[in-house]
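Subject: Handing over a structure

Hello,

Here is the structure I promised to pass on to you. Have a look at it first, and then read my notes below.

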Amino acid sequence: MNTPRLGILAAVIGATIVLAGCSAPDTDESDAVEDAPVVLKVAAVTAPMTDVVEAAGEAIEDGYEIELVEVSDYITANTIVNDGDAYANFSQHEPYMQEFNAANDGTLVAVQPVYNFVIAFYSKTLDDIADLPAGATVAVPNDASNLGRALKLLDAEGVITLDPDVDPYVSTLKDITDNPKNVEFLEVPIASLNAAYEEADLVFQWPSHIAALGLNPEDDGLITELDDRFALYFAVREEDAASAETEALKKAFSSDQVREVIESNGTIDVAW
């Protein structure tokens with residue numbers, strides 16, 4: 001009568017051993033998940049911004065990984081961070097970011113300056129701004145922060161006169177009080193100003209974009225300016241500004257690897 005019971009007991013013990021053997025891989029998988037790096041998606045529009053993000057990815061400390069998210073325009077770069085679809089972006093100066101926040105109920109904050117760059121006006125037909133003809137077409141950015149900067153430069157060169165009671169950094173076409181050459185303004189997005197270069201007499205552009213046309217501010221700019229107010233920052237949501245992830249990004253974006261990328265590019269300067 002005891003034999004059947006022993007058989008049942010043996011079967012139970014055997015099943016327990018089998019189940020115990022099956023449970024071990026689950027523990028290993030859990031450990032693997034715990035050891036996986038935290039992936040931080042960082043959006044950028046074009047080189048050298050994308051190059052800097054990739055260099056930061058090489059430098060970031062253990063436990064983290066940077067995934068470059070390359071986008072086609074600056075609004076998208078901000079939107080995907082503001083919506084939580086990316087952790088950070090590196091594509092803009094602080095005035096542009098503030099403009100985005102105001103228009104989109106954004107909560108982005110500029111965390112750390114990374115590099116600064118010389119801005120310029122270019123011309124396909126002119127070698128000197130003094131030769132700008134009457135009735136010339138001047139292409140300028142259509143966003144407020146870059147437009148104000150462009151108009152401020154034109155005012156300094158005597159192409160136009162701005163209302164002295166208006167902060168030139170926030171000036172618009174309505175603030176022009178004198179236009180002696182009757183220039184016509186064409187307002188387009190930064191990313192589209194290269195196309196305007198083919199037709200306009202004078203074009204404002206960032207070095208990261210004008211490089212696609214084989215131009216740079218030092219050699220080809222008719223009017224140039226370097227202003228620390230417009231240094232490029234990496235940005236995150238306000239709620240993430242003091243996080244461990246953001247601290248890791250700050251170290252990575254001020255690393256030797258990033259410095260090397262910046263110093264190898266003749267149109268940008270380290271800003272930290």
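A good place to start is a right-handed β-α-β unit, which is made by β1, α2 and β2. Please keep in mind that this is a predicted model.

The two strands of that unit, β1 (residues 38-44) and β2, run parallel and are joined by 7 bridges. If you want a spot to click on, valine 39 stands opposite glutamate 65 in β2. Strand β1 also pairs with strand β3 (residues 88-93), again in the parallel sense, over 2 bridges. Here valine 42 is the residue that stands opposite alanine 88 in β3.

Next, the interior. The largest nonpolar core has 76 residues, and the members that touch the most others are Phe90, Tyr115, Phe121, Leu249 and Phe253. In soluble globular proteins, nonpolar side chains tend to be buried together.

What does phenylalanine 90 contact, once its neighbours within four places in sequence are left aside? Its partners include Val42, Ala43 and Ala44, along with Met49, Val52 and Val53. Val114, Tyr115, Leu232, Tyr233, Phe234 and Phe253 are also in contact with phenylalanine 90.

Then there are the salt bridges, of which the whole structure has 8. In one of them, the side chains of lysine 251 and glutamate 61 meet at 3.8 Å, N to O. Lysine 251 belongs to helix α9 (residues 244-253), while glutamate 61 sits in the loop between α2 (49-59) and β2 (64-70), so this pair ties together parts that are 190 residues apart in sequence. Lysine 251 is exposed, at 55% relative accessible area, and glutamate 61 is partly exposed, at 34%.

Another salt bridge links aspartate 240 with arginine 237, with 3.5 Å between the closest N and O atoms. Is aspartate 240 buried or exposed? With a relative accessibility of 12%, aspartate 240 counts as buried.

A further pair is glutamate 263 and arginine 259, whose side chains meet in a salt bridge of 3.5 Å, N to O. Both lie in helix α10 (residues 256-263), and because they are 4 residues apart there, about one helical turn separates them. Glutamate 263 is exposed, with a relative accessible area of 56%, whereas arginine 259 is partly exposed at 30%. Elsewhere, Arg149, Lys152 and Glu225 are joined into one network by salt bridges that share partners.

Enjoy exploring it!

Best wishes

How values were computed
Residues are numbered from 1 along each chain as its sequence is written. This is a predicted model: local features need pLDDT of at least 70, side-chain atom pairs count only at pLDDT 80 or more; totals for chains, interfaces and linings use all residues. Side-chain values use heavy atoms; hydrogens and water are left out. A nonpolar core is a set of buried Ala, Val, Leu, Ile, Met, Phe, Trp, Tyr and Cys residues joined through side-chain atoms within 4.5 Å. Buried means under 20% relative accessible area, exposed over 50%, partly exposed in between (1.4 Å probe, protein chains only). Contact means heavy atoms within 4.5 Å. A salt bridge is a side-chain nitrogen of Lys or Arg within 4 Å of a carboxyl oxygen of Asp or Glu. Two strands pair if DSSP finds at least two bridges between them. A crossover is right-handed if, with the strands pointing away from the viewer, the path from the first strand over the helix to the second runs clockwise.
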